[in-house]
Amino acid sequence: MAKTGFDIRKITGNRLFMPLVCLAAVLIVGGIFVPDFFAVSINNNVLYGYPVDIVNRASEVVILAIGMTLVTAASGGQDISVGAVMAVAAAVCCQILSGGETSVNEFANPLALAIIAALIAATLCGAFNGFLVAKLNIQPMVATLILFTAGRGIAQLVTKGQITYIRVESYKVMGGFIGKCPVPTPVFFAIAAVALAFLVLKKTALGLYIESVGINGAASRLIGLNSTMIKFLTYVICGLLAGVAGIVASSRIYSADANNIGLNLEMDAILAVALGGNALGGGKFSLMGSVIGAYTIQALTTTLYAFRVSSDRLPVYKAIVVIVIVIIQSPAFHRFMAEQKAKRAAKNQVAEGGN
Amino acid sequence: MKRTKKINSNTFLLMITIVLFAVMYIAGMIIFRENGFAKPQMFLNLFISNAGLIVIACGMTIVMITGGIDISVGSVTALVCMVMAYAMENKGMNAYVAVVIALAIGTLYGIVQGYLVAYLEIQPFIVTLAGMFFGRGMTAVVSTDMIAITNETFMAWAKCKIMMPFGSYNKNGEFQQAYIYPTVVIALVVVIVISIVLKYSKFGRKLYAIGGNAQSALMMGLDVKKTKMQAYVLDGFLAGLGGFLFCLNSCAGFVEQAKGLEMDAISAAVIGGTLLSGGVGTVIGSLFGVLIKGTITSLITTQGTLSSWWVRITLSALLCFFIVLQAVIASIKKKQAKN
């Protein structure tokens, strides 16, 4: 069996292979059934088309998925509070900008101050989760359930139960467009977050530390890693990123709607991590897999909208596709395929023996 | 000395839950005596408004004991209510048939989710997340409008009062008998049956064994996959039954119904001392978890001036207290084991 050069298994064996196939499958279905699915045009100086919509709308989930991947890898659990933390960040940001009014046409306080305060608030939420998980050894889902239920309450408390509107052009930039740039700003936020996370994980040993803590926390501690600190850090990062996503989401609708900003986005972020081929039990992780997973979810949503599926009924199709994708990636399915292959090989051998 | 040692973390957490509930309720009775909080009916209302949640929390406790989770129960409830309303109002079906359909939907949900979790080894969170999406979406497929139930048999069930041998006097000094609905009886029967099953049946003990350590359960010769599957089927059935009880309370089906019910059920179980890592938990605890949440809600609504977000924040603060308490107890036990 002297095969030279090209080996197909090198490609199919790559961790990113399955997630990419899933993304491609969704896009191909869209491309076949929706006319002009891949067409991108420029209307009113901005890019327009389904691909742009996918890349733009996926930004928040991409940003959240980075934090979620790290949290999952280090602690073997998920942070279900990120959607609520987004609402908190948005509420803090808008409340400072409006100075207590429900609708303003100019900033009451500088934009930078509001953003920094919002990010600090989000980071504090992350630190709270991190403290519960890393220091008190509470299971991630239970620990983050607290902020999951309290977060939107806190956000409403901050905005006094109102929807705060910031009708200022410079606030809409983060969810819209910078000047004459045709690419939507959220895309840049997503790219920057991914690039930064990638660089930090590749250039420092943090990625390796996170993986080893996730695989075996006790052993990591024995070889001198501060596993409590590393777990805590991943939650802080996750909170900070949720804050960024919250500001972007709030800028899109130039308001802080405590009940709806980031609603169910924690589920999408967790789904992105799972679709990226990452084990939800922690350990080895692939950041790029999660990012691809996030784009897959948005590609699916956009394709379904293009099919004129109503937003109420969308979850049915989403559920079916998700189940199909996770079954294909499940270990039981792989074993089944391997068995089938072995059977076929055995049959061939028998046939050859007959000759 | 021996006696105190016998109280394990399971019973200790349960005792804290019950004591906290009693303290909270008695405090409410003293503070809000004028608003009728001390009336027996007020206490029974806790059960009446939470009958569905109690049954669903029982199912949740069962899957949590195996180390799993089910976040689809809220959607299943919405789907069951919607299908029942649709079957009776738009298709003119018999109320009995509608109940059978409701229970069948729940059981089917359990079978599919159980198979995916147990035999295909997909994470329960992801499977039931998809189940949650599916249920909510299917509810919208059945109907996007709200359907109110007017079926005579069904309304007779919903309005059937069971009088209690005690009561209270109203402002005019007339005696009013306290009452409950049949939903409460069903919910309490479920709690009793499930707690007996968990405590004394082979199946119940298998659940704890698997949740404690699936690997050693397997080596002991237990069929881990089959037991897990059974747990999810039972949970699905209870979700269907809980949905039916929920429907008797709301008498309507609509898409946004029972949103966030899964988190209510999970937090009730956690307050009641069930661990998400599996192996520990009782349905009695979950019952008190539901009652504690119900008491806080009714305390806040009786008080009347607090905003809805304070309900959320207070509930979460309480949840936080319980979770931290559990963690502290666990770490103390660990230290004791080391010494």
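## Exercises on a two-chain model

In this predicted model, 37 residues of chain A are in contact with 36 residues of chain B. Let's work through it piece by piece.

**Exercise 1.** Look at the side of chain B that touches chain A: which helices each supply at least two residues, and how do the residues divide by type?

*Solution.* Start with the helices. On chain B, α6, α12 (261-271) and α14 (308-338) each supply at least two residues of that side. Next, sort the residues on the chain B side: 25 are nonpolar, eight are polar and three are charged.

**Exercise 2.** Stay in chain B and work out how α5(B) and α6(B) are arranged: at what angle do their axes cross?

*Solution.* First, find the two helices: α5 covers residues 95-118 of chain B, and α6 covers residues 124-142 of chain B. Their axes come within 9 Å and cross at roughly 150°. Angles over 145 degrees count as roughly antiparallel, so that's what α5(B) is relative to α6(B). As for handedness, the crossing is right-handed.

Now see who meets whom. From α5(B) come Y109(B), Q113(B), L116(B) and V117(B), and they meet P124(B), V127(B), T128(B) and G131(B) of α6(B). Sort the residues of this contact and you get five nonpolar, three polar and no charged.

**Exercise 3.** Check the length of α4(B), residues 73-89: what span should its 17 residues have? Then ask how many of those residues are buried.

*Solution.* At 1.5 Å a residue, α4(B) should span 24 Å, and its end C-alpha atoms are 24 Å apart, so the two values agree. Then count the covered residues: 15 of the 17 in α4(B) are buried, which leaves this helix mostly covered.

**Exercise 4.** Do the same for α12(A), residues 227-252: how far does it reach, and what comes after it?

*Solution.* This helix of chain A has 26 residues and reaches 38 Å from its first C-alpha to its last, close to the expected 38 Å. Of its 26 residues, 24 are buried, so α12(A) is largely enclosed by the rest of the structure. After the helix comes Y254(A), with a positive phi near 35°.

**Exercise 5.** Zoom in on I63(A): is this residue buried or exposed, and which residues does I63(A) contact beyond its neighbours within four places in sequence?

*Solution.* Find I63(A) in helix α4 of chain A, residues 59-75. Count around it: 31 other C-beta atoms lie within 10 Å, so I63(A) is buried. Leaving aside neighbours within four places in sequence, I63(A) contacts F189(A), A190(A), A193(A), L241(A), V244(A) and A245(A).

Key. Residues are numbered from 1 along each chain as its sequence is written. Chains are lettered from A and ligands numbered from 1 in the order in which they are written. This is a predicted model: local features need pLDDT of at least 70, side-chain atom pairs count only at pLDDT 80 or more; totals for chains, interfaces and linings use all residues. Axes are lines fitted to C-alpha atoms, for helices over the stretch in contact, and angles run from 0 to 180 degrees between N-to-C directions. Helices (H or I, at least four residues) and strands (E, at least two) are DSSP runs, numbered from the N terminus. Angles under 35 degrees count as roughly parallel, over 145 as roughly antiparallel, 65 to 115 as roughly perpendicular and the rest as oblique. A crossing is left-handed if the near helix is turned anticlockwise from the far one by less than a right angle, and right-handed if clockwise. Two residues are in contact if their C-beta atoms, placed from the backbone, lie within 7 Å. Ala, Val, Leu, Ile, Met, Phe, Trp, Tyr, Cys and Pro count as nonpolar, Asp, Glu, Lys and Arg as charged, and the others, Gly among them, as polar. The expected span of a helix is 1.5 Å times one less than its number of residues. A residue is buried if 20 or more other C-beta atoms lie within 10 Å of its own, exposed if 12 or fewer, and partly exposed in between; C-beta atoms are placed from the backbone.
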